[in-house]
Amino acid sequence: MLLVQGGPLLANSILQEEKDPVVWNVSFEGNDSYSGIVLSQVIATEEPNLLRKIFRRLDDYALNETELRRDRIRIIRYYERRGYDQVQVDVEHTADSREWQRNIVFRIREGEPIRISSSSVVVDADSATAESLRGERSFQRRIENHDFQEGNRFETIRRPDVVGSFTQIMENHGFPWASVDIEADIDSLAKSADVRIVMRPGAKSYFSDFMFEGVESVPERIVAREMPVDIGDMYDSRQIQESQRQIFGHHLFRFATITIPDQEQDSTLAIRVRVREHPLRTVEATVGFGSEEYLRGQVNWQNRNISGNGHRLGFNARGSFIEQRLGANYLIPYVFNTRSSFVSSPYGQRRLEPAYELMRAGISNSLIYQIKRAQTATVSYEFSFNEESSRGGEVSLPDTILGYNVSSLLFSGYYSQRVTRDPEGWVVQPSAEFSGTFGESTFTFQKLTLDVRHYLPLSRSTKLATRIHTGTIFYSQPDSLPANIRFFTGGTNSVRGWSRQQLGPKRPSFDDGGFDGYVPTGGRAMFTFNVELRQQLNFLFDGFGMGLFLDGGQVWREIKRVDNRPLQFGAGGGLRYQSPIGPVRIDVGYKVNPTEDDLGIFGDMGSSNAWDRIGIHFSIGQAF
């Protein structure tokens, strides 16, 4: 009886739920100027995606008549601000295959837009100032390219952009009190507008005083030298922005703003610089995990003002199942200008790689120059004492245990097309290392590498990420270069499907006379590429996503043997979750064309199965 009673009650509940109308589809008609994709971003009503329709997750898509009327007004306002002063919009909804599934249709009659019949720019100033501004290249470019030119639609939504662009020209050339007015004579019947842009520069000003607030542990001159302006310089808003960036980029400050306080609008200008300092001494500890290092941890201690001049001293320790390292660093943030810095870093390190074990101690000294906000050049000199031993039987270095010195001069660069938290556009990182140039290194070689990445948004939730990483080593002696200097590839952040450093040439390892697998030997030439499609799946839950990838690469003993080993490929996919500590990532890669060495086969010894073609990679952070 309970089942009989429960069945009809449940069915009635479902029928009642289905009687509540739900938005099923949203479409637009008559929208010649703007696509449905654009207009769908204007309104609040939206249709469920295919997965929500299949699984009936429709709670957030109940039909709201009041919201539809508001959407109609939103579309009208959208068109009016873009020159369509007589647009008309109607909205209706009809049943789809079921009565509760409602199809929403917005019918739009755009009408003729108002167009600009004449446009002029007037500089309201004395003749010398007007002539000076008109002679600026930025002014001439703006005259040829602004939204209120003759023939364009008169879009009131563009007014702030036009005002801002012409104001910026004056602020960049000494006029902090500049203003812009836009006068428009509109004939609604003729659908025309006469536009007049009036620039009022005001007084040209020069810096007369810097007022600092929040400076506690260093002299004000330390803050002032981070600014690329000085007393007596002509006002330039670009320099003010750069000054704020430079101060904020200093390790001592967590907050920086530069404002113009109320004052007489004359030829002298005082600015206010507000900063907030970081705590002078901090201790930070981090923990991470992954399929290669298993568990890793790091502890940092630093004093951000060890000398009273803004110099920073730090000590750090980090450890994992691959690397243990102790180090220190001393940073001088200002060498010969605000863009230059110097850091000295002594260290001791132990590394445990698949092919070798390395113990080393050394010091690295780097001069860093920030060319632009996203362009950096670095010159480094590193000297280290190294002791390296092989980890596989019958896999020897030039000696079973090799002791050597490395003395290298390294030139490197960094370029990013855009400065964003989530990378977009091109990222390029070249480097050139010259070891033994002055005769104090055991090995004399030249090592060149290039890393090029590109991030292309395909939609708001889809991105195509690509990378090429390549390098070569020039060295005259065959097969005697230490493993720590050679190239290796394969792993979580390289060619997935292969374990760490396992892609490329290998040698068999034996234990008590029996075959014990392969040990990678590395090489002097390397090439890898990655293509990854990243898709956000926030509709399932926030921060969730997936990726599909194709990786490929190879390592060659030397560059002239490139033809001897073809590229090998790994393909697969994985899941991502954007956690508070970064993207947590799990990838499964499949070796497309492995060699017998990759599958652990040595003559009649060794065996393989389907799992030998698969690599599982777990880590925090994107692959690249």
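This is a short chat about a predicted model of a protein chain.

Reader: How many helices and strands are in the protein chain?

Author: The model is predicted. The protein chain has nine helices and 27 strands.

Reader: And is it spread out or a compact globule?

Author: More spread out than a compact globule, because its radius of gyration is 33 Å, well over the 25 Å that the globule rule gives for 624 residues.

Reader: What does the C-alpha trace span along its principal axes?

Author: About 95 × 90 × 50 Å.

Reader: What share of residues count as buried?

Author: Of the 624 residues, 42%. The accessible surface comes to about 32900 Å². Carbon and sulfur atoms hold 52% of that surface.

Reader: What about contacts between residues 24 or more positions apart?

Author: They make up 58% of the contacts with a separation of 6 or more.

Reader: Switching to sheets. In what order do strands 1, 2 and 3 run?

Author: The order is 1-3-2, in an open sheet with mixed pairing. Strand 1 (22-29) and strand 2 (88-95) are the edge strands, and each pairs on one side only. Neighbouring strands are turned by 20 degrees against each other on average, direction ignored.

Reader: Strand 1 and strand 3: parallel or antiparallel?

Author: Parallel, over seven bridges. Strand 3 covers residues 101-109. One of the bridge pairs is Val-26 with Ile-104, the latter in strand 3.

Reader: Now the sheet with strands 7, 8 and 9. What is the order there?

Author: It is 7-9-8. Three strands form this open sheet, and the pairing is mixed.

Reader: Which strands stand at the edges?

Author: Strand 7 (206-213) and strand 8. Each has a single partner strand, so one side of each is left without a neighbour in the sheet. The twist averages 20 degrees from one strand to the next.

Reader: How do strand 8 and strand 9 pair?

Author: In the antiparallel sense, over six bridges. Strand 9 is residues 268-277. Ile-258 has Val-273 of strand 9 as its bridge partner.

Reader: Which strands does helix 9 lie across?

Author: Strand 7, strand 8 and strand 9. Helix 9 runs at about 165 degrees to strand 8.

Reader: Then His-251. Where is it found?

Author: In the loop between helix 9 (237-249) and strand 8 (253-259).

Reader: Is His-251 buried or exposed?

Author: Buried, because its relative accessible area is 12% and the cut-off for buried is under 20%.

Reader: What does the side chain of His-251 reach?

Author: The backbone oxygen of Arg-304, at 3.0 Å. The backbone oxygen of Gly-310 also lies 2.8 Å from a polar atom of the His-251 side chain.

Reader: Which residues does His-251 touch, not counting those up to four places away in sequence?

Author: His-278, Arg-304, Gly-310, His-311, Arg-312, Leu-331 and Pro-333. As for Asn-305, 54 residues apart from His-251 along the chain, the two C-alpha atoms are separated by 9.3 Å.

Reader: New topic: Arg-360. Which strand is it in?

Author: Strand 15, residues 356-372. Arg-360 is buried, with a relative accessible area of 19%.

Reader: Why does 19% count as buried?

Author: Because buried means under 20% relative accessible area, and Arg-360 has 19%.

Reader: Which side chain shares a polar contact with that of Arg-360?

Author: The side chain of Gln-349, at 2.6 Å. Leaving aside neighbours within four places in sequence, Arg-360 is in contact with residues including Tyr-347, Gly-348, Glu-382, Ser-384 and Asn-484.

Reader: And Arg-576, buried or exposed?

Author: Buried, at 7% relative accessibility. Arg-576 is in strand 25, residues 568-579.

Reader: Which side chain is joined to Arg-576 by a polar contact?

Author: That of Glu-532, at 3.3 Å.

Reader: What else does Arg-576 touch?

Author: Not counting residues up to four places away in sequence, the list includes Arg-496, Phe-544, Met-546, Asp-587 and Gln-622.

Reader: How are the C-alpha atoms of Arg-576 and Gly-151 placed?

Author: They are separated by 49 Å, with the two residues 425 residues apart along the chain.

Conventions. Residues are numbered from 1 along each chain as its sequence is written. This is a predicted model: local features need pLDDT of at least 70, side-chain atom pairs count only at pLDDT 80 or more; totals for chains, interfaces and linings use all residues. Side-chain values use heavy atoms; hydrogens and water are left out. Two strands pair if DSSP finds at least two bridges between them. Helices (H or I, at least four residues) and strands (E, at least two) are DSSP runs, numbered from the N terminus. Axes are lines fitted to C-alpha atoms, for helices over the stretch in contact, and angles run from 0 to 180 degrees between N-to-C directions. Buried means under 20% relative accessible area, exposed over 50%, partly exposed in between (1.4 Å probe, protein chains only). A polar contact is a pair of N or O atoms within 3.5 Å; within protein, one must be able to donate a hydrogen and the other to accept it, and residues adjacent in sequence count only if both atoms are side-chain atoms. Contact means heavy atoms within 4.5 Å. The radius of gyration is taken over C-alpha atoms; the globule rule is 2.2 Å times the number of residues to the power 0.38. Accessible areas come from the Shrake-Rupley method with a 1.4 Å probe; for residues, only the protein chains shown count as cover.
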